[in-house]
Amino acid sequence: MEILFETHATSLDNEAGLASGHFDVDLSERGVRQAATLGERRRADHVEMVYVSHLRRSWRTAEIAFGVTAVPIVRDARLAECHYGEMTRRPAAEMAATRDRFVTTRYPGGESYEDVAARVASWLADVRSRHRGRILVVGHRGTHFALDHLLRGIPLADAVRSPLVWQPGWIYKVTSEAAPQTRKLR
């Protein structure tokens with residue numbers, strides 16, 4: 001199986017410099033245009049399914065990109081961004097500067113990146129048994145950190161510390177080995 005990963009298009013909170021977490025914010029006008037471009041860029045990739053989180057910025061990106069095609073779009077809350085709890089919608093720069101504190105420790109009232117990796121590992125075990133071809137995931141930073149950790153073997157703390165530099169997608173090859181496990185850092 002091959003997973004193509006794309007970040008959701010620009011949201012209103014992205015433009016305002018806020019870290020949304022589980023706050024359900026919509027795409028900006030620029031994000032709508034980016035989503036259409038994503039569809040144009042990925043339509044020839046022969047994906048059999050598009051998976052998205054339950055958060056609006058993720059599923060709207062896929063809906064705009066693939067809504068005119070026959071490719072099914074499946075929402076799954078396990079692909080959601082990290083839940084920042086009481087720190088939801090704090091300035092993105094502040095969140096980036098403190099993110100590495102929450103690899104194993106939960107955000108107050110929220111979850112840790114280790115929790116996110118466990119959610120994504122559960123999703124991955126499910127889709128691994130159903131797909132042999134190419135699927136697309138429209139996700140979030142937390143989703144990307146988890147996939148890098150689970151499928152590329154990057155220590156979760158290193159994945160979380162690395163800046164996300166946008167590019168037109170990431171490709172993950174998924175082997176038929178046993179389902180990935182999150183590795184405890186404690």
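**Note on the predicted model: sheet, helices and salt bridges**

1. Five strands make up an open sheet, arranged in the order E3-E2-E4-E1-E5 with mixed pairing. The edges of this sheet are strand E3 (73–75) and strand E5 (170–173), each of which pairs on one side only. On average, neighbouring strands of the sheet are turned by 25° against each other, direction ignored. The reader should bear in mind that the model is predicted.

2. Strand E1 has E4 and E5 as its neighbours in the strand order. Towards E4, the pairing of E1 is parallel and extends over six bridges; within it, Glu2 has Arg134 of E4 as its bridge partner. Towards E5, E1 runs antiparallel, and four bridges join the two strands. Two of the residues concerned are Ile3, whose bridge partner in E5 is Tyr172, and Leu4, whose bridge partner in E5 is Ile171.

3. How many of the residues of E1 are buried? Six of the six are, so the strand is largely enclosed by the rest of the structure. The side chains take two directions: Glu2, Leu4 and Glu6 point one way from E1, while Ile3, Phe5 and Thr7 point the other way. The residues on both sides are all buried.

4. Helices lie against this sheet. Helix H2 lies across E1 and strand E4 (134–139), and its direction is at about 155° to that of E1. Since angles over 145 degrees count as roughly antiparallel, H2 is therefore roughly antiparallel to E1. Helix H6 (residues 141–152) also packs on the sheet, where it touches E1, E4 and E5. The direction of H6 makes about 35° with that of E5.

5. H2 also packs against a second helix. Two packed helices are described by the angle between their axes and by the distance between those axes. For H2 and helix H3 (residues 56–66), the axes come within 7 Å and cross at roughly 55°. That angle makes H2 oblique to H3. The crossing of H2 past H3 is right-handed. On the H2 side, the residues in contact are Val32, Ala35, Ala36, Leu38, Gly39 and Arg42; on the H3 side they are Arg60, Thr61, Ile64, Ala65 and Phe66.

6. Arg42, one of the H2 residues that meet H3, has a further partner in the sheet. It forms a salt bridge with Glu6, in which the closest N and O atoms are 2.9 Å apart. Glu6 lies in strand E1 (residues 2–7) and Arg42 in helix H2 (residues 29–42), so this pair ties together parts that are 36 residues apart in sequence. Are these two residues buried or exposed? Glu6 has a relative accessibility of 2% and counts as buried; Arg42, at 9%, counts as buried too.

7. The whole structure contains 17 salt bridges. Side chains of opposite charge can pair when their charged atoms come close. Another of these pairs is Arg119 with Glu111, whose closest N and O atoms are 2.5 Å apart. Both Arg119 and Glu111 are buried. Elsewhere, salt bridges that share partners join Glu6, Arg41, Arg42 and Asp45 into one network.

8. A further salt bridge is formed by the side chains of Asp100 and Arg161, at 3.7 Å from N to O. Which parts of the chain does this pair link? Asp100 is in the loop between helix H4 (92–98) and helix H5 (113–128), whereas Arg161 is in helix H7 (residues 156–161). The pair thus links distant parts of the chain, with the two residues 61 residues apart. Asp100 is partly exposed, its relative accessible area being 36%.

9. Two residues in loops deserve a check of their backbone angles. His46 has a phi near 55°, which is a positive value in a residue other than glycine. His46 is placed in the loop between H2 and strand E2 (49–52), and it is exposed, with a relative accessible area of 68%. Arg89 likewise has a positive phi, of about 70°, although it is not a glycine. Arg89 is found in the loop between E3 and H4 and counts as partly exposed at 34% relative accessibility.

How values were computed:
Residues are numbered from 1 along each chain as its sequence is written. This is a predicted model: local features need pLDDT of at least 70, side-chain atom pairs count only at pLDDT 80 or more; totals for chains, interfaces and linings use all residues. Side-chain values use heavy atoms; hydrogens and water are left out. A salt bridge is a side-chain nitrogen of Lys or Arg within 4 Å of a carboxyl oxygen of Asp or Glu. Buried means under 20% relative accessible area, exposed over 50%, partly exposed in between (1.4 Å probe, protein chains only). Two strands pair if DSSP finds at least two bridges between them. Axes are lines fitted to C-alpha atoms, for helices over the stretch in contact, and angles run from 0 to 180 degrees between N-to-C directions. Contact means heavy atoms within 4.5 Å. Angles under 35 degrees count as roughly parallel, over 145 as roughly antiparallel, 65 to 115 as roughly perpendicular and the rest as oblique. A crossing is left-handed if the near helix is turned anticlockwise from the far one by less than a right angle, and right-handed if clockwise.
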